Amino acid sequence: MMRTKLLSLVPRATVACRHMSSATKLTTVEVNDKTGIATLTMNRPPVNGLNLELLRDLQQSIEEIEGNKSCGLILTSSNPTIFSAGLDILEMYKPDKERIRAFWTQLQDVWLALYGSSVPTAAAINGHSPAGGCLLAASCEYRVMLPKFTIGLNETQLGIVAPQWFMSTYLSILPRREAERSLNQGRMFTTEEALRVGLVDEIASSKEEALAKCADFIATFAKVNPLARSLTKQQFRSADLQQLENERVQDLEKFLFFINQPAVQKGLGIYLESLKKKSKN
Ligand SMILES: CCCCCCC/C=C/C(=O)SCCNC(=O)CCNC(=O)[C@H](O)C(C)(C)COP(=O)(O)OP(=O)(O)OC[C@H]1O[C@@H](n2cnc3c(N)ncnc32)[C@H](O)[C@@H]1OP(=O)(O)O
């Protein structure tokens with residue numbers, strides 16, 4: 001029988017501030033002793049909205065996986081229909097001054113850690129994956145998605161602009177013309193469309209199958225020298241990573257300036273209302 005280690009269940013103290021959703025961790029890491037592959041599961045009901053705490057836990061889990069000599073990382077969700085709803089809009093709507101800085105900085109850190117991870121990475125996309133959810137999946141090297149869900153960078157639909165590093169992530173997967181058009185449109189792809197354009201690599205009929213396909217992808221590196229593999233990956237990704245490293249502060253200031261524009265705040269408020277109305281119907 002397969003033995004697994006549950007690593008990331010250490011309780012965390014509750015901090016008295018907005019959006020603190022749980023006293024326990026919002027991610028779990030399970031390492032398969034046989035394959036050495038770590039499965040990182042997001043678990044922030046109801047929709048895995050990426051708030052400051054979930055981003056912190058993601059970062060910690062990625063670091064843990066890097067540190068425990070896992071052979072690979074599979075990112076997935078405990079929610080049966082949602083991989084991640086993207087950034088928690090409540091973090092950006094009428095934001096707290098200090099918290100929003102920490103939030104965006106933490107998002108930058110998670111992207112740097114995941115996109116730049118030294119281990120092979122794959123996403124088992126077992127539900128909808130808009131915007132920041134798509135960013136996480138696209139930061140991995142391989143994607144397997146379940147049918148009847150949607151994925152894409154839909155920022156323009158919300159009246160916001162995906163920053164350069166979101167674009168770079170798309171461009172690392174999609175042909176330039178497709179990346180530009182779909183980002184401009186804020187297009188959400190169905191699973192089948194995502195496969196057709198290359199945004200996902202395979203379709204699986206269940207989460208178990210998606211995880212198995214991700215593990216198969218990671219196993220393709222079993223006989224490749226790990227240092228040669230990770231340095232090669234780094235060479236492919238270093239320009240994108242370096243660009244954000246060099247421009248982190250400007251990126252943060254640009255985000256803060258943009259998000260605090262009255263028109264942007266108004267748009268986010270309307271969007272939030274529409275989401276809430278939809279969930280009441
Ligand atoms: C230079 C400036 C740069 C700015 C760049 C910013 C980049 C931004 C990136 C982002 O990620 S923005 C977030 C984009 N996300 C979305 O547009 C997704 C919105 N959500 C949905 O489409 C759907 O909720 C879903 C994910 C498809 C799930 O649908 P489902 O029918 O299962 O659930 P709902 O009833 O819609 O939602 C339940 C509950 O959750 C709330 N919610 C959903 N998504 C978010 C979110 N992203 N943030 C905060 N809250 C969210 C929704 O309002 C419901 O709440 P309640 O009504 O139950 O209170």
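**Notes on a predicted model**

1. Start with strand 2, residues 27-32, where the side chains alternate. Thr 27, Val 29 and Val 31 point to one face and are buried. Thr 28, Glu 30 and Asn 32 point to the other face and are not buried. Keep in mind that this is a predicted model.

2. Which strand does strand 2 join through five bridges? The partner is strand 3, residues 37-42, and the two run antiparallel. One bridge can be checked by name: Thr 28 has Thr 41 of strand 3 as its partner. The two strands form a hairpin with four residues between them. In that hairpin, Gly 36 takes a positive phi near 75 degrees.

3. Go on to the loop between strand 3 and helix 1 (52-67), where Pro 46 lies. The peptide bond from Pro 45 to Pro 46 is cis, with omega near 0 degrees. Asn 48 has its place in the loop between strand 3 and helix 1 as well. Its phi is near 55 degrees, a positive value in a residue other than glycine. Both features deserve a look for a general reason. Most residues other than glycine have a negative phi, and most peptide bonds are trans.

4. Is Asn 48 buried or exposed? Asn 48 has 28 C-beta neighbours inside 10 Å, so it counts as buried; the cut-off for buried is 20 or more. Now take Lys 94, in the loop between helix 2 and helix 3. Its phi is near 45 degrees, again a positive value in a residue other than glycine. Lys 94 counts as exposed, because it has 12 C-beta neighbours inside 10 Å. The cut-off for exposed is 12 or fewer.

5. Strand 5 covers residues 121-125, and five of the five are buried, so the strand is largely enclosed by the rest of the structure. Both of its faces are covered. Thr 121, Ala 123 and Ile 125 lie on one side, with Ala 122 and Ala 124 on the other.

6. Which strands pair with strand 5? Strand 4, residues 72-77, pairs with strand 5 in the parallel sense over three bridges. Strand 7, residues 142-145, also pairs with strand 5 in the parallel sense, over four bridges. Two bridge pairs are worth finding on screen. Ile 74 has Ala 122 of strand 5 as its partner. Ile 125 has Met 145 of strand 7.

7. The largest nonpolar core has 70 residues. Ile 74, Ala 122, Ile 125, Ile 151 and Cys 214 touch the most other members. Helix 3, residues 97-115, gives this core its largest share, seven residues. In soluble globular proteins, nonpolar side chains tend to be buried together.

8. What does Ile 74 contact, leaving aside its neighbours within four places in sequence? The list includes Ile 37, Thr 39 and Leu 40. Ala 122 and Ala 124 are on it too. So are Leu 211, Cys 214 and Ala 215.

9. There is also an open sheet of three strands, with the order 6-8-9 and mixed pairing. Strand 6 (129-130) and strand 9 (189-190) stand at the edges. Each has a single partner strand, so one side of each is left without a neighbour in the sheet. Strand 8, residues 150-152, and strand 9 run antiparallel and are joined by two bridges. Ile 151 has Phe 189 of strand 9 as its bridge partner.

10. Glu 208 has its place in helix 8, residues 207-219. With 11 C-beta neighbours inside 10 Å, Glu 208 counts as exposed. Glu 208 and Ala 124 are 84 residues apart along the chain, and their C-alpha atoms are separated by 9.0 Å.

11. Now the ligand. It is surrounded by 29 residues; the closest are Gly 86, Ala 131, Gly 132, Leu 275 and Ser 279. The shell divides into 17 nonpolar, seven polar and five charged residues. Helix 2 (89-92), helix 9 (226-259) and helix 10 (262-280) each supply at least two residues of this shell. Which one supplies the largest share? Helix 10 does, with four residues.

12. Finish with helix 10. Of its 19 residues, the number buried is one, so helix 10 lies largely in the open. Its length can be checked. At 1.5 Å a residue, helix 10 should span 27 Å, and its end C-alpha atoms are 27 Å apart, which agrees.

Notes: Residues numbered from 1 in each chain as written. Predicted model: local features only at pLDDT ≥ 70, side-chain atom pairs only at ≥ 80, totals over all residues. Near = placed C-beta within 6 Å. Nonpolar A, V, L, I, M, F, W, Y, C, P; charged D, E, K, R; others polar. Expected span 1.5 Å × (residues − 1). Core = buried A, V, L, I, M, F, W, Y, C linked by C-beta atoms within 7 Å. Contact = placed C-beta atoms within 7 Å. Pairing = 2+ DSSP bridges.
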